[in-house]
There are 2 protein chains.
Amino acid sequence: MVQYPTTRLDASFAALADGTRRGVLERLGRTESSITDLAETFGMTLTGMRKHVGVLEEAGLVTTEKVGRVRYCRIGARRLDEVAAWIDTYHQLWNERFDELDKVIEELQQKEQLDGCTNEQ
Amino acid sequence: MVQYPTTRLDASFAALADGTRRGVLERLGRTESSITDLAETFGMTLTGMRKHVGVLEEAGLVTTEKVGRVRYCRIGARRLDEVAAWIDTYHQLWNERFDELDKVIEELQQKEQLDGCTNEQ
DNA sequence: TAAATACTGAACCATATGGTTCAGTATCCC
DNA sequence: GGGATACTGAACCATATGGTTCAGTATTTA
């Protein structure tokens with residue numbers, strides 16, 4: 001299911017793999033901000049922040065609009081849906097496998113208790 | 001909420017930002033595999049695949065065990081929970097904002113229709 | 001119109017990533 | 001024991017990433 005590549009997912013995950021960028025997303029979730037706002041908040045040069053915003057834009061997680069000399073950044077589109085969908089699918093699938101494993105382990109532990117408790121901890 | 005860095009999240013997202021690695025996770029979700037298995041499946045050298053598995057291991061998404069000369073790889077721990085949790089939180093938060101936006105847009109469109117339909121498409 | 005503000009682009013830097021090859025080492029099996 | 005198998009480690013390579021500085025350009029504003 002789902003052929004591997006899908007470069008959009010790549011871009012989304014890569015964009016999320018940076019603390020500063022996740023911070024920017026959190027902030028934009030609360031309030032629209034300019035590049036200057038963000039750069040100040042995260043203690044970084046304008047140029048540096050512009051790059052981060054660029055990465056988020058490319059991933060479709062943020063949209064920006066330039067009004068006069070100010071570029072306003074907002075949480076963008078629903079690209080996060082794709083990411084969430086991927087995670088959810090495998091998360092659920094794997095949890096089923098984990099549940100099975102849990103049962104096996106539980107049984108083993110119960111057997112151990114019955115057998116006598118020489119090797120605890 | 002949630003201070004930005006959290007390098008474990010960084011590692012998890014970074015690990016997921018690669019199609020091959022997501023492919024490996026999918027496969028391991030179905031069946032335990034050796035490095036050789038994985039390398040063949042994804043058309044890559046052993047060394048190359050070992051690196052990918054290493055990245056997934058570091059992120060806690062995969063665990064491995066060496067038995068004799070074979071290293072077996074399995075879906076590891078529930079680190080994906082952390083990722084899913086992060087996504088879910090913001091996903092939900094943002095969707096609320098999107099819903100508001102949707103209403104505004106809808107109202108605008110209805111007004112447009114009332115005003116006369118010069119600019120359809 | 002001049003100064004301040006907000007951004008952009010090019011160039012640079014150190015380090016990380018995704019891959020390879022090649023030369024081991026360890027294990028299994030005849 | 002000797003060959004095949006399965007991996008490991010070091011070295012290398014090209015490109016990407018996360019940042020910087022510095023020199024613009026465009027837009028406000030006094």
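This note goes through the protein surface near the two DNA strands in a predicted model.

1. Surroundings of DNA strand C. In this predicted model, DNA strand C is surrounded by 20 residues, and the closest are Thr36(A) and Arg69(A) from one chain together with Thr45(B), Lys51(B) and His52(B) from the other. By class, that surface holds 8 charged, 8 polar and 4 nonpolar residues.

2. Elements that form the surface near DNA strand C. Chain A supplies at least two residues from each of helix H3 (35–41), helix H4 (46–58) and strand S3 (70–75), and helix H4 (46–58) of chain B likewise supplies at least two. The largest share, 4 residues, comes from H4(B).

3. Backbone and base contacts of DNA strand C. Of the atoms of DNA strand C that lie within 4 Å of the protein, 68% belong to sugar or phosphate, while the rest belong to bases. On the phosphate side, an N or O atom in the side chain of Arg71(A) is 2.7 Å from a phosphate oxygen of the strand. On the base side, a polar side-chain atom of Lys51(B) lies 2.2 Å from a base oxygen, and a polar side-chain atom of Arg69(B) lies 3.3 Å from a base oxygen of DNA strand C.

4. Surroundings of DNA strand D. Here too 20 residues surround the strand, the closest being Thr45(A), Lys51(A) and His52(A) from chain A and Thr36(B) and Arg69(B) from chain B. Sugar and phosphate account for 68% of the atoms of DNA strand D that come within 4 Å of the protein. The surface near DNA strand D divides into 4 nonpolar, 8 polar and 8 charged residues.

5. Elements that form the surface near DNA strand D. At least two residues each are supplied by H4 of chain A and, on chain B, by helix H3 (35–41), H4 and strand S3 (70–75). With 4 residues, H4(A) gives the largest share of this surface.

6. Individual contacts of DNA strand D. An N or O atom in the side chain of Lys51(A) is 2.2 Å from a base oxygen of DNA strand D. Phosphate oxygens of the strand are approached from chain B, where a polar side-chain atom of Arg71(B) lies 2.7 Å from one phosphate oxygen, and where a polar backbone atom, rather than a side-chain atom, of Ile35(B) is 3.4 Å from a phosphate oxygen.

7. Points to inspect in the model. A colleague checking the base contacts may wish to view Lys51(B) at 2.2 Å from DNA strand C alongside Lys51(A) at 2.2 Å from DNA strand D.

Note on methods. Residues are numbered from 1 along each chain as its sequence is written. Chains are lettered from A and ligands numbered from 1 in the order in which they are written. This is a predicted model: local features need pLDDT of at least 70, side-chain atom pairs count only at pLDDT 80 or more; totals for chains, interfaces and linings use all residues. Side-chain values use heavy atoms; hydrogens and water are left out. A residue is near a molecule or strand if one of its heavy atoms lies within 4 Å of it. A polar contact is a pair of N or O atoms within 3.5 Å; within protein, one must be able to donate a hydrogen and the other to accept it, and residues adjacent in sequence count only if both atoms are side-chain atoms. Ala, Val, Leu, Ile, Met, Phe, Trp, Tyr, Cys and Pro count as nonpolar, Asp, Glu, Lys and Arg as charged, and the others, Gly among them, as polar.
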